[in-house]
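Biologist: Before I plan anything at the bench, could we go through the ligand site of this model together?

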Amino acid sequence: MEQIEKCKVISKTEIVNGVFDFTVENENIAKKTKCGQFLHIDCGDKSFLRRPISICDAFDDKVRFIFEVKGEGTKELSQKQVGEYIDVLGPLGHGFEIKNYKNPLIIGGGIGIFPLFKLAKELNSNANVFLGFRNKDRVCMEDEFDSVSKMCIVGTDDGSYGYNGYIANAMEHYIKNNPCDVIFSCGPMPMLKAVKGIAEENGIECQISLEQRMGCGIGACLVCVCESIFEGTNKYLRVCKNGPVFDSKVVKL
Ligand SMILES: Cc1cc2nc3c(=O)[nH]c(=O)nc-3n(C[C@H](O)[C@H](O)[C@H](O)COP(=O)(O)OP(=O)(O)OC[C@H]3O[C@@H](n4cnc5c(N)ncnc54)[C@H](O)[C@@H]3O)c2cc1C
């Protein structure tokens, strides 16, 4: 049963322009969190709609999440100060499934890198990580991912930092020449489509996290549905409840 929790903000940093890194205190959420799950946060704006934000990390009684200011909700949330309380529903959703993989690969783009951090840690620093950003000014968490992965490649779409071009291209080149038994991904839709295609062409298992627009967050309102390969009642799956993480072969992007 999903529970509403009060979380005290214990640290807040703007890590790149308009992107805020929050750590809040809440033992219940920290203990229950599985990587890839998200929080549904009451940002305190006029709309009264909660906003979904992925859990970046959770340990002891601490829960970390990082978000980009997009509209009214995230703007209001970014103005919360250390010591204030946030009203949070979570942890929600179906996260990444970790099996005994030999050569896991993680690929994230933009704000999609945040839910992949706890995953990289839980893969015991055994994953090869690819992170893509629009340009050098948007690059973040490189050192942190580097410290919890076997290898971390960063790229930018405009070539202003690291690998020059779409990070899915760097990943495709890598898997043609190196063993890989699973791909985990989160990021913008064009990147996810490319990753799904590359994984399927190469017969590699792939788990993707979708960051669809969302309403209730608990499976009741159907705002966040995505089309699946199934027929009948499972044709449309709810990202908030059945996901946000799906086997890439199951969803139509
Ligand atoms: C499961 C899940 C996990 C997420 N995790 C993170 C995270 O870790 N960090 C983070 O920065 N963001 C994350 N998001 C996206 C985040 O929820 C939205 O950016 C936020 O709800 C926007 O709210 P707002 O009130 O600030 O903007 P709004 O006023 O609601 O929207 C501002 C603009 O952003 C667009 N927008 C809103 N929601 C989305 C969305 N889901 N996808 C694409 N465009 C959208 C709107 O169309 C509009 O153009 C996640 C979304 C989901 C579904």
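The questions and answers below concern the ligand and the residues around it.

Biologist: How many residues surround the ligand, and which are the closest?

Modeller: This is a predicted model, and what I say of the ligand should be read with that in mind. The shell around the ligand divides into 8 nonpolar, 5 polar and 6 charged residues. The ligand is surrounded by 19 residues, and the closest are Arg51, Pro52, Thr74, Gln212 and Arg213.

Biologist: Which element gives the most to the shell around the ligand?

Modeller: At least two residues of the shell come from each of β4 (51-54), β6 (62-68) and α2 (72-78). With 4 residues, the element that gives the most to this shell is β4.

Biologist: What percentage of the accessible area of the ligand does the protein cover?

Modeller: Backbone N or O atoms approach oxygen atoms of the ligand at several residues, among them Gly71 at 2.8 Å and Gly73, also at 2.8 Å. For Pro52, a backbone N or O atom lies 2.6 Å from an oxygen atom of the ligand. Of the 880 Å² of accessible area that the ligand has on its own, the protein covers 77%.

Biologist: Why does the ligand lie between domain 1 and domain 2?

Modeller: The ligand sits in the largest pocket, and the assignment of domains helps to place it further. Because residues of the shell around the ligand come from both domains, the ligand lies between domain 1 (4-92) and domain 2 (104-247).

Definitions and conventions. Residues numbered from 1 in each chain as written. Predicted model: local features only at pLDDT ≥ 70, side-chain atom pairs only at ≥ 80, totals over all residues. Heavy atoms only, no water. Near = heavy atom within 4 Å. Polar contact = N/O pair within 3.5 Å; in protein donor to acceptor, adjacent residues only side chain to side chain. Areas by Shrake-Rupley, 256 points an atom, 1.4 Å probe, with all protein chains shown as cover. 1 Å grid on protein atoms, 1.4 Å probe; cavity = no way out; pocket = protein on both sides within 12 Å on 5 of 7 lines; lining within 4 Å. Sits in = over half its atoms within 2 Å of the grid points. Nonpolar A, V, L, I, M, F, W, Y, C, P; charged D, E, K, R; others polar. Domains from an automatic or database assignment.
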